[in-house]
Amino acid sequence: MNKFYLDLDFVFNKRMLIFQFLINVKYWIMEKLFGYILFVTSGILFGLFGAGGSLITIPILMFFFDLSFKISTTYSLIIVFLVSFFGLISSSKSVIYKFKSILSFGFASLCGVFLSRNFLFQIASEELLIKIFVSFLFF
């Protein structure tokens, strides 16, 4: 008689574990889906305003895709570069660009990224970097 009750408990616990796993998968899928919806929204904002890309993508990557701040900033740089590059290609036929100013600004930006990635990211903790990011975000 005791063995029968133990078996029912085992079956009940196994079903509860499966049910709990399915609920967790459902929430994980919903969280990722919401993250992708936010990325589409950020893409629309990129297209409309052309700026502020990393301010939008870093929090999305951190909170919806569980990435660290340093990895999120790396992915954000790649995303902003790709969006900017494809925007340049799509509008290059209708707009005349001043390539001298683009190259000088681009070179200065690349130097800043190189210095921050190779030196400042090695020195500063992730908590300090997040505090600096939030201060730039709101002030």
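The chain has five helices and zero strands. In sequence order the pattern reads α-α-α-α-α. The model is predicted. Of the chain's 139 residues, 16% count as buried.

**Overall fold**

- Contacts with a separation of 6 or more include many that reach along the chain: 57% of them join residues 24 or more positions apart.
- The chain exposes about 11300 Å². Carbon and sulfur atoms supply 75% of that area.

**Nonpolar cores**

- The largest nonpolar core has seven residues: Ile58, Met62, Phe69, Phe121, Ala124, Leu129 and Phe133.
- Two helices, H2 (53-64) and H5 (126-138), each supply at least two residues of this core.
- Leu129, one of the core residues, is in contact with Phe69, Lys70, Phe121 and Ala124, leaving aside neighbours within four places in sequence.
- A second core is separate and has five residues. Among them are Phe39, Ile60, Leu61 and Phe64.

**Helix H2**

- H2 has 12 residues, and at 1.5 Å a residue the helix should span 16 Å. Its end C-alpha atoms are 16 Å apart, so the model agrees with the expected span.
- The buried residues of H2 are Gly53, Thr57, Ile58, Ile60, Leu61, Met62 and Phe64.
- Of these, Ile58 and Met62 belong to the largest core, while Ile60, Leu61 and Phe64 belong to the second.
- Asp66 follows H2 and has a positive phi, near 50°.

**Helix H3: a buried serine**

- Ser72 is found in helix H3.
- Its relative accessible area is 0%, so Ser72 counts as buried.
- Ser72 touches Ile58, Leu61, Met62 and Leu67, not counting residues up to four places away in sequence.
- Three of those partners, Ile58, Leu61 and Met62, are among the buried residues of H2.

**Helix H3: an exposed phenylalanine and its patch**

- Phe81 also has a place in helix H3, which covers residues 69-91.
- Phe81 counts as exposed because its relative accessibility is 52%, and the cut-off for exposed is over 50%.
- Phe81 is part of a nonpolar surface patch with Ile71, Tyr75, Ile78, Leu82, Phe85, Phe86, Leu88 and Ile89.
- Together the patch residues have about 840 Å² of accessible area.

Conventions:
Residues numbered from 1 in each chain as written. Predicted model: local features only at pLDDT ≥ 70, side-chain atom pairs only at ≥ 80, totals over all residues. Heavy atoms only, no water. Core = buried A, V, L, I, M, F, W, Y, C linked by side-chain atoms within 4.5 Å. Buried < 20%, exposed > 50% of the residue type's maximum accessible area, 1.4 Å probe, protein only. Helix = DSSP H or I, 4+ residues; strand = E, 2+ residues; numbered from the N terminus. Contact = heavy atoms within 4.5 Å. Patch = residues over 30% accessible without salt bridge, like charges linked within 9 Å, V, L, I, M, F, W, Y side chains within 5 Å. Areas by Shrake-Rupley, 256 points an atom, 1.4 Å probe, with all protein chains shown as cover. Salt bridge = Lys/Arg side-chain N within 4 Å of Asp/Glu carboxyl O. Expected span 1.5 Å × (residues − 1).
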